[in-house]
Amino acid sequence: MFNAEITGITDAQISLEDYVRLPHVLTSLRPGRTVRGVVDDALEKLGLRRTVVLTTPRFLTVPALVARAPVVVTMHARLARLFATELKLSLSQPPVDLQDVAVSLLWHASYDHDPSHAWLRQILVELVSEL
């Protein structure tokens, strides 16, 4: 996802050259250390690196940031499509092959045996399995 107007790119399909050249936002739940993602692994195989200018644990804040700054973000297509129209962002397939990303449920151990919490976890698992 990127703001084509800010970056000066007119074609919605981003080139590998532009993808590497533009600053990136990385979403990660791992604070306090240099974080790499699947994008970094894929680029490394090509002998390339991207510049990550911001790392955030807040997935939902990233589209608004991309709409206002000359940055790109690589995110799940479903979430990207949700925001692209509203924020007038361009979508593109990443110009590199990426590995699948595992999505996990995390909760505090104190909720392990809470019936309401167990029910919610089960509903989420069922919804995701339908995708």
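Which residue in β2 does V25 stand opposite? In this predicted model, V25 stands opposite L54 in β2. The legends below begin with the whole chain and then turn to the individual views.

**Figure 1. Overview of the protein chain, which contains six helices and three strands.** Read from the N terminus, the elements follow the order α-α-β-α-β-α-β-α-α. Of the 131 residues in the protein chain, 31% are buried. The protein chain exposes about 9,300 Å², and 56% of this area is supplied by carbon and sulfur atoms. Where contacts link residues at least 6 apart in sequence, 68% of them join residues at least 24 apart.

**Figure 2. The open sheet of three strands, in the order β2-β1-β3.** The pairing in this sheet is parallel. The edge positions are taken by β2 (51–56) and β3 (72–73); each has a single partner strand, so one side of each is left without a neighbour in the sheet. Strand β1, residues 23–27, is joined to β2 by five bridges, and these two strands run parallel. Two bridges connect β1 with β3, again in a parallel arrangement. Along the β1 and β2 pairing, P23 has T51 as its bridge partner in β2, and V25 stands opposite L54.

**Figure 3. Surroundings of H24 in strand β1.** H24 has a relative accessible area of 0% and is therefore buried, the limit for that class being under 20%. Its bridge partner in β3 is V72. The side chain of H24 reaches the backbone oxygen of Y19 at a distance of 2.6 Å. When neighbours within four places in sequence are left aside, the residues in contact with H24 are Y19, R50, T51, V52, V53, L54 and V72. Two of the names in this view recur in the sheet pairing: T51 is the bridge partner of P23 in β2, and L54 stands opposite V25.

**Figure 4. L16 in helix α2 and its contacts with residues distant in sequence.** Helix α2 comprises residues 16–21. L16 counts as partly exposed because its relative accessibility is 29%, which falls between the limits of 20% and 50%. Apart from neighbours within four places in sequence, L16 is in contact with L43, L46, L48, P95 and V96. The pair L16 and V96 is separated by 80 residues in sequence, yet the C-alpha to C-alpha distance is 7.4 Å.

**Figure 5. K88 in the loop between α5 and α6.** What sign does the phi of K88 have? The value is positive, near 55 degrees, in a residue other than glycine. Most residues other than glycine have a negative phi. K88 counts as exposed because its relative accessibility of 69% is over 50%.

**Figure 6. S110 and its side-chain contact with H108.** S110 is found in the loop that lies between α5 (77–87) and α6 (115–130). Is S110 buried or exposed? At 53% relative accessibility, S110 counts as exposed, since that value is over 50%. The side chains of S110 and H108 are joined by a polar contact of 2.9 Å.

**Figure 7. R121 over the face of W107.** The distance of R121 from the ring centre of W107 is 4.1 Å. A pair of aromatic rings is described by the distance of the centres and the angle of the planes. For pairs with ring centres within 6.5 Å, the count of aromatic pairs comes to zero.

Technical notes. Residues are numbered from 1 along each chain as its sequence is written. This is a predicted model: local features need pLDDT of at least 70, side-chain atom pairs count only at pLDDT 80 or more; totals for chains, interfaces and linings use all residues. Side-chain values use heavy atoms; hydrogens and water are left out. Helices (H or I, at least four residues) and strands (E, at least two) are DSSP runs, numbered from the N terminus. Buried means under 20% relative accessible area, exposed over 50%, partly exposed in between (1.4 Å probe, protein chains only). A polar contact is a pair of N or O atoms within 3.5 Å; within protein, one must be able to donate a hydrogen and the other to accept it, and residues adjacent in sequence count only if both atoms are side-chain atoms. Two strands pair if DSSP finds at least two bridges between them. Rings of Phe, Tyr and Trp (its six-membered ring) pair if their centres lie within 6.5 Å; planes under 30 degrees apart count as stacked, over 60 as edge-to-face and the rest as tilted. A charge sits over a ring if NZ of Lys or CZ of Arg is within 6 Å of the ring centre and within 35 degrees of the ring normal. Contact means heavy atoms within 4.5 Å. Accessible areas come from the Shrake-Rupley method with a 1.4 Å probe; for residues, only the protein chains shown count as cover.
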